Amino acid sequence: MIDSDFGNELIHWYVLNHIATSPCRDIAWRTVERFNHSEGVELDLFAPSYVVREEKDGVVTMRNVSLTFHYVFVRGRLSDIKRLCGMENGFSFLLNRGGAERYAMIDDASMRCFQIIAKAYENRLPYYSLQDIDLESGDLVEVVNGDFPGLVGTYIPRPKSKSGNIVLRVDQNLGTVAYDIKVSDVRVIEFARDSKRAYDQIDAFVPRLLKALRAQHDGDRMSGALVAQLSVFCRRFEVVRLGNQKLEAKLYALLSVANSILGNIEESCRFRDLYERRKTAVTNPATIALISLLFGVNDRDRLALSLGASLLATADTGSKAQQALSAEYSYYGLA
């Protein structure tokens, strides 16, 4: 929340009410500019808008509407903003009735995310009411490609689609949405609470990695689609927090081998080191056998492969995943 200090008084973004005192479209901006000039201060105003399509009698018009109703955001020292709100100009503080601070404030990281969206939309933002969205149902992600690099928010996937929306919380009642974010353009920072998607997505990647491992071992050229699948997985999962050391160890092994196949040796070594730190958490024989296969083939270590095969022989091979793993060991001559 703290961005800088000036004369012992901290600078924050404050949420203000603004009731326009005239029909002038830019009245809020003009008021703050006049205040800055007369008071010798440098308050920043953020008052984004979005475009509403209206049709009447067959005539379509586009009208600018305030994104956050009568709320605006002003950054500066509290004493300066109090003077601004003390004038008859339509500005007033939004009280923070549910928190420790008297006035509602927005942290700098959230405001930077707003400005990322504003730049892409040229200050015309779509709006969502957070009352219609359960933020805990989505993953916390960061956009790494496309129009919104650096944007952090909750990902709301669209059913049966490879795109979705990023929802960014403003305060308890307001939010913005960046539309149509591709899943390939984000990386997961943290999976939703009680979500099983981490397990599902990691397990779904294993057959693809095994296919790529065969191609590497045999000296075959991988398809563009397979290369893309490995690249997207590495990017999406490179910073994820899982909160489960067993699953993290498995993920780090996958990321190490996938990056090695892609030629990202530095990243491969980094994830190998992370795996080594957590490998004692892995106790399932089948999981250890999988990891032994990955590293054994990638490192061309026959001893690791033999140890993995013997361990797999002691595991319950009734599941399809373990049967597939046995088939992989057979492929490399270790039935």
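Which helix holds both Glu267 and Arg270, and how many residues apart are they? Both residues lie in helix 7, which covers residues 265–278, and they sit three residues apart, about one turn of the helix. Helices here are DSSP runs of H or I with at least four residues, strands are DSSP runs of E with at least two, and both are numbered from the N terminus.

Before we look further, a word on the model. It is a predicted one, where local features need pLDDT of at least 70 and side-chain atom pairs count only at pLDDT 80 or more, while totals for chains, interfaces and linings use all residues. Residues are numbered from 1 along each chain as its sequence is written, and side-chain values use heavy atoms, with hydrogens and water left out.

**Salt bridges in helix 7**

Side chains of opposite charge can pair when their charged atoms come close. The term salt bridge is used when a side-chain nitrogen of Lys or Arg is within 4 Å of a carboxyl oxygen of Asp or Glu. A search of the whole structure finds 15 of them. Here are three that involve helix 7:

| Pair | Closest N to O |
|---|---|
| Glu267 and Arg270 | 2.9 Å |
| Arg272 and Glu276 | 3.5 Å |
| Arg272 and Asp299 | 3.2 Å |

Arg272 appears twice in the table, with Glu276 and with Asp299. Arg272 lies in helix 7 and Asp299 in helix 8 (residues 285–299), so this pair ties together parts that are 27 residues apart in sequence. Glu276, on the other hand, shares helix 7 with Arg272, four residues along, about one turn of the helix.

How open are these side chains to the outside? A residue is called buried under 20% relative accessible area, exposed over 50%, and partly exposed in between, using a 1.4 Å probe and protein chains only. Glu267 counts as partly exposed at 25%, and Arg270 is partly exposed at 37%. Arg272 has a relative accessible area of 26%, so it is partly exposed. Glu276 is partly exposed at 34%, and Asp299 is partly exposed at 36%.

Elsewhere, Glu39, Arg77, Asp80 and Arg83 are linked in a network of salt bridges. Keep Arg77 in mind, as we will meet this residue again.

**Strand 2 and its partners**

Now let us turn to strand 2, which runs over residues 9–18. Is this strand mostly covered or mostly open? Eight of its 10 residues are buried, so it is mostly covered by the cut-off given above.

Two strands pair if DSSP finds at least two bridges between them. Strand 2 pairs with strand 6 (residues 71–77) in the antiparallel sense over seven bridges. One of the bridge partners there is Arg77, which sits opposite Ile11. Strand 7 (residues 91–93) also runs antiparallel to strand 2, joined by three bridges, and His18 has Phe91 as its partner. Strand 8 (residues 105–106) is antiparallel to strand 2 too, with two bridges, and Tyr14 is partnered by Met105.

**A buried threonine**

Phe91 leads us to one more residue, Thr31, which touches both Asn89 and Phe91, leaving aside residues up to four places away in sequence. Contact means heavy atoms within 4.5 Å. Thr31 lies in helix 1 (residues 27–39), and it is buried, with a relative accessible area of 7%.
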